[in-house]
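Here is a short briefing on strand pairing in one chain. Look at the sequence and the structure first.

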Amino acid sequence: MKKRSWLGLWLLLAASFLLSCLWGRYPLGLADLWEILSGQAAGTMKEVVFWNIRMARTCLTALCGAALSLAGFVYQGLFRNPLVSPDVLGVSGGASVGAICAILFWGESLGALQLFSFAGGLLTVALSLLLARAIGGNRYFNLIISGIILGALANAAIMALKYMADPTQELAVIDYWLMGSFHLASWEKFWSAAPLILIAGAVLVLLRYRLKVLTLGDEEAASLGVAVGPARLACVACATVLTAASVSVSGIVSWVGLIVPHLVRTVLGDDFEANFFQSILCGAALLLLADTLARSLLPSEIPISILTSLIGAAFLAAFLIHRKGGERPC
Amino acid sequence: MLSVENLTVYRGGRLVLDNVSLTLNPGEVTAVLGLNGAGKTTLLKAILGFLPRQGGTLTEDGQPLDQLSPAERAKKLAYVPQRYDGGFRYTAEDFVSMGATAYLGAFSRPGKGELRRAEELLRALDCGHLVGRPMDKLSGGEQRMAYLARAMLQDAGCLLLDEPVSSLDLSRQHGFLGSLRAYVHRRRAGCLLTIHAPELAYAYADRVLILHDHRILMDGARDGAGFEEALRQALGTLYGPALQVDTLNGALVLGWRPADHETG
């Protein structure tokens with residue numbers, strides 16, 4: 001049973017990867033894929049589309065899906081709450097402020113946009129942690145309330161910046177960014193985000209057992225020999241880097257980080273360390289499917305958060321109704 | 001041997017423990033009795049280092065506990081909290097295996113060996129049937145046993161238990177305390193547990209300690225001279241004249257007679 005669910009996850013990922021590579025405005029078939037991979041199509045339009053556009057977009061989407069889901073899983077563990085999303089400490093709000101500043105003050109520069117949104121996300125989480133320390137008291141409560149406060153401040157800044165923006169051009173760019181999309185994916189973006197995401201992910205893989213003990217609560221974890229403060233900080237830092245790095249290349253992709261870890265726990269069963277890896281695979285696969293839908297449902301591309309929010313919210317409702325009649329889900 | 005000397009703790013500006021000193025000897029179960037709010041839980045948590053203290057020293061065989069790393073500390077002190085509050089779901093043996101955390105490297109996790117050991121410990125406590133079952137689906141008594149197994153795997157020199165039997169039915173209370181006492185005597189571990197029932201303390205503890213008005217009102221060894229008389233007196237101070245204390249076949253028996261209740 002266990003082996004079968006792993007196999008299923010890998011197959012799902014492979015299938016969604018293939019689908020994302022082939023599907024699109026310039027459709028490719030399996031025969032084309034064979035030609036491209038075997039070198040028979042060298043120099044053709046097909047090859048250029050496949051390697052420079054499709055493959056870059058597919059890899060970037062898979063990377064972001066995996067990063068957001070893992071970040072969500074880690075945050076849920078740290079806060080011992082299955083309804084926490086990676087935004088809980090304000091990372092998305094901060095990244096948005098950074099991105100909007102870049103759009104307003106640096107115009108078309110994609111590099112500035114990416115750098116500013118990444119830095120904005122990290123800075124906001126750092127401020128949340130400092131505020132939580134200043135508030136003191138119950139750690140879960142003060143972190144969540146600090147995240148809410150920083151999120152609200154970021155929201156005020158977003159509204160102010162949007163109010164200042166030129167409504168014919170900049171405002172549209174801002175709004176489009178806030179809804180997320182992979183249509184500007186490139187290998188450049190992939191390579192700028194991949195090292196950060198891989199390093200943060202690798203540290204979390206190493207720390208996954210410590211994180212599991214932390215889900216027992218701070219006092220129990222400490223009594224079992226975990227250095228709670230450093231372990232918690234390392235996990236928050238890595239999860240924040242994962243989120244900020246992926247948001248900086250795609251804009252805001254909502255709900256993935258909240259829903260995927262949930263889905264994995266409910267469908268595949270509770271096993272903390274297995275769920276850790278399942279979230280990564282499942283997140284990559286589901287975001288690939290969502291992105292494929294986003295660029296093929298309508299003649300023009302749909303921002304991806306429309307789909308992830310819709311599917312995510314529907315899933316959460318179904319999940320809560322299911323829970324009422326059955327087992328505790330987490 | 002764990003020594004607590006002149007421990008003083010304030011919580012929220014209020015004095016909770018005032019100059020409390022005690023020693024936990026190896027192979028001895030020490031029960032702490034006291035009214036609600038007397039500072040029993042605070043005493044436990046201050047020893048564990050969860051609460052800041054305003055005075056006093058904590059040493060284990062002369063070595064100050066404050067200087068230890070979390071892992072070294074976990075080899076000296078094991079903790080059983082008042083209730084199970086796992087945020088996520090683990091099987092019982094998985095939960096028990098987390099007792100090995102202090103012996104693992106920062107990036108390692110319990111392996112097959114630790115899991116097997118966890119299962120053996122559960123079986124040794126007559127809880128083999130819990131293997132494979134999720135912790136949050138167990139009864140309160142079964143969860144307690146899993147905690148005891150985890151503390152045994154942790155193999156600390158001292159066990160600190162916060163009201164371990166308060167929510168259990170009568171037979172589970174005796175089952176748990178019997179297993180705990182057997183382990184403490186066998187392992188020669190120190191043990192401090194808080195409890196509300198004097199009759200259980202009388203039956204299972206080697207030493208009884210009573211906290212009252214933030215201080216130690218009584219600290220007596222079970223087989224020491226004048227223990228029963230001291231216990232009666234201390235309980236009288238705690239509960240007033242309404243409490244009736246007697247012994248029957250070696251067990252402590254309690255009755256309650258309210259002051260306005262006319263009896264014949």
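Two strands count as paired if DSSP finds at least two bridges between them. Strands are DSSP runs of at least two residues, numbered from the N terminus. The model is predicted. Two regions of chain B are covered below: an open sheet of four strands, and strand E9 with its partners E3 and E10.

**Open sheet**
- The strand order in chain B is E2-E1-E4-E5, with antiparallel pairing.
- Strands E2 (14-24) and E5 (63-64) of chain B are the edges, and each pairs on one side only.
- Strand E4 (residues 55-60) of chain B runs antiparallel to E5(B), and two bridges join them.
- B:Glu60 faces B:Gln63 of E5(B) across this pairing.

**Strand E9 and its burial**
- E9(B) spans residues 207-212 and is mostly covered.
- Of its six residues, five are buried.

**Parallel partner of E9**
- Strand E3 (residues 28-34) of chain B runs parallel to E9(B).
- Five bridges join the two strands.
- B:Leu33 has B:Ile210 in E9(B) as its bridge partner.

**Antiparallel partner of E9**
- Strand E10 (residues 215-221) of chain B runs antiparallel to E9(B), with six bridges between them.
- B:Leu211 lies opposite B:Ile216 in E10(B).
- E9(B) and E10(B) make a hairpin, with two residues between the strands.
- B:Asp213 sits in the turn and has a positive phi of about 50 degrees.

Note on methods. Residues are numbered from 1 along each chain as its sequence is written. Chains are lettered from A and ligands numbered from 1 in the order in which they are written. This is a predicted model: local features need pLDDT of at least 70, side-chain atom pairs count only at pLDDT 80 or more; totals for chains, interfaces and linings use all residues. A residue is buried if 20 or more other C-beta atoms lie within 10 Å of its own, exposed if 12 or fewer, and partly exposed in between; C-beta atoms are placed from the backbone.
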